[in-house]
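Look at the sequence and the structure below. The paragraphs that follow go through the chain as a whole, then its sheets, then its cores and some single residues.

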Amino acid sequence: MAGLTAAALAAVAFLAYQASAVAPPPAELAATPRTPEAAPSAPATGTPKQPRKDPLALPANSGTGERVVYGLADRRVWLVDEQGRVTHTFSVMPSTVSPPPGTYAVTSRSGAVRGSDGVQIEHVVRFATVQDVSIGFSAAVDGSTPSPDPSRKTGGIRMKRADGEAMWRFAVIGEKVVVVP
C-alpha cells in the first residue's frame, strides 16, 4: 500500500511541476486583467461605447426643486418633487406647435373644455403661448392620444387620462414647467 501512495504522490508532484512550467508567474497574473479567451475581440472604432441611457431618467440640466419637466425629443413628462425626486413620469403626444426650451410657469387651468383640435379634453394645464397658440398639457375625455393633424396649429400636449389627473393635482397656477430639447 505504501508503494501506491508513493506513486500517487510522485504523479501529483509531476503534474504540478508541468502546470507551473506553463503558467505565468503569480505577479503577472495579478497585474493582468483576466478576460475569457473564447470571447471575440471587437475591432477598435475610435469611439468608446457609451452606456445605454435610461429612457425614464430625468434629463440632465432640467432645473432644481419642484417642477414639471417636458422633454421635447423624449415625448415625456416628469413630475419632480421639492427634493428633486421624480414622483411620476409618462409619455405624451406633442402638439403641432411646441414651446422652445426654457423655464415657464403654469398660467391657467381648465377642468374640461374643447381643445383647439375640436376634441373634448380635461385637466388642461397651460404654461406658454407660441405663435398665438396656447400650449398646455391635457387629456382627451375619450382617452385617445392620436397624432395631431400637421395641417393645424394646435398646442395640446396630450396624455392618458390617469396621467392627466396626476398633472392636474401637481401643476397648480405658478408651478414651474421646464422644457428641455
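Of the contacts between residues at least 6 apart in sequence, 50% join residues at least 24 apart. The model in which these contacts were counted is a predicted one. The chain has 181 residues, and 31% of them count as buried. Its accessible surface comes to about 11,500 Å², with 58% of that belonging to carbon and sulfur atoms.

The secondary structure consists of three helices and nine strands. Followed along the sequence, these elements give the pattern α-α-β-β-β-β-β-β-β-β-α-β. The strands discussed here belong to two sheets, taken one after the other.

One open sheet has five strands in the order β3-β2-β1-β9-β4, and its pairing is mixed. At its edges are β3 (86-91) and β4 (102-105), each of which pairs on one side only. From one strand to the next, the twist averages 20°. Strands of a sheet pair through backbone hydrogen bonds, either parallel or antiparallel. In this sheet, strand β1 (residues 67-71) and strand β2 (residues 76-80) run antiparallel and are joined by five bridges. Within that pair, Gly-71 stands opposite Arg-76 of β2.

The other open sheet has four strands, ordered β5-β6-β7-β8, again with mixed pairing. Here the edge strands are β5 (108-114) and β8, and each pairs on one side only. The twist in this sheet averages 30° from one strand to the next. A helix lies against this sheet: α3 packs on it and touches β5, β6, β7 and β8. The direction of α3 makes about 55° with that of β6.

How do the strands inside this sheet run, and how many bridges hold them? β6 and β7 are antiparallel, with seven bridges between them. Val-125 is the residue that stands opposite Phe-137 in β7. The hairpin formed by β6 and β7 has two residues between the strands, and in this hairpin Gln-131 takes a positive phi near 50°. On its way to β8, the pairing changes sense: β7 and β8 pair in the parallel sense, over four bridges. Phe-137 has Ile-157 as its bridge partner in β8, while Ser-138 has Arg-158 as its partner in that strand. Why is β7 described as largely enclosed by the rest of the structure? The reason is that seven of its eight residues are buried.

Next come the nonpolar cores. In soluble globular proteins, nonpolar side chains tend to be buried together. The largest nonpolar core in this model has 25 residues, and those with the most contacts inside it are Val-68, Val-77, Phe-127, Phe-137 and Met-167. At least two residues of this core come from each of β1, β2, β6 (120-130), β7 (133-140), β8 (156-159), α3 and β9. Another core lies apart from it and has five residues, including Val-69, Trp-78, Val-80 and Val-178.

Val-68 shows how a core residue can meet several parts of the chain. Leaving aside neighbours within four places in sequence, Val-68 is in contact with Val-77, Trp-78, Leu-79, Phe-137, Met-167, Phe-170, Ala-171, Glu-175, Lys-176, Val-177 and Val-178.

One residue in that list, Glu-175, can be followed further. Glu-175 lies in the loop between α3 (161-170) and β9 (176-180). Is Glu-175 buried or exposed? Its relative accessibility is 6%, and the limit for buried is under 20%, so Glu-175 counts as buried. Not counting residues up to four places away in sequence, Glu-175 touches Glu-66, Arg-67, Val-68, Tyr-104, Ala-105, Val-106 and Phe-170. Of these, Ala-105 is 70 residues away from Glu-175 in sequence, yet the two are 5.3 Å apart in space, C-alpha to C-alpha.

A second loop residue to look at is Asp-81, found between β2 and β3. Asp-81 has a relative accessible area of 10%, and because this is under 20%, Asp-81 is buried as well. Apart from its neighbours within four places in sequence, Asp-81 is in contact with Gly-65, Glu-66 and Thr-87. Glu-66 therefore appears in the contacts of Asp-81 and also in those of Glu-175.

How values were computed: Residues are numbered from 1 along each chain as its sequence is written. This is a predicted model: local features need pLDDT of at least 70, side-chain atom pairs count only at pLDDT 80 or more; totals for chains, interfaces and linings use all residues. Side-chain values use heavy atoms; hydrogens and water are left out. Two strands pair if DSSP finds at least two bridges between them. Axes are lines fitted to C-alpha atoms, for helices over the stretch in contact, and angles run from 0 to 180 degrees between N-to-C directions. Buried means under 20% relative accessible area, exposed over 50%, partly exposed in between (1.4 Å probe, protein chains only). Contact means heavy atoms within 4.5 Å. A nonpolar core is a set of buried Ala, Val, Leu, Ile, Met, Phe, Trp, Tyr and Cys residues joined through side-chain atoms within 4.5 Å. Accessible areas come from the Shrake-Rupley method with a 1.4 Å probe; for residues, only the protein chains shown count as cover.
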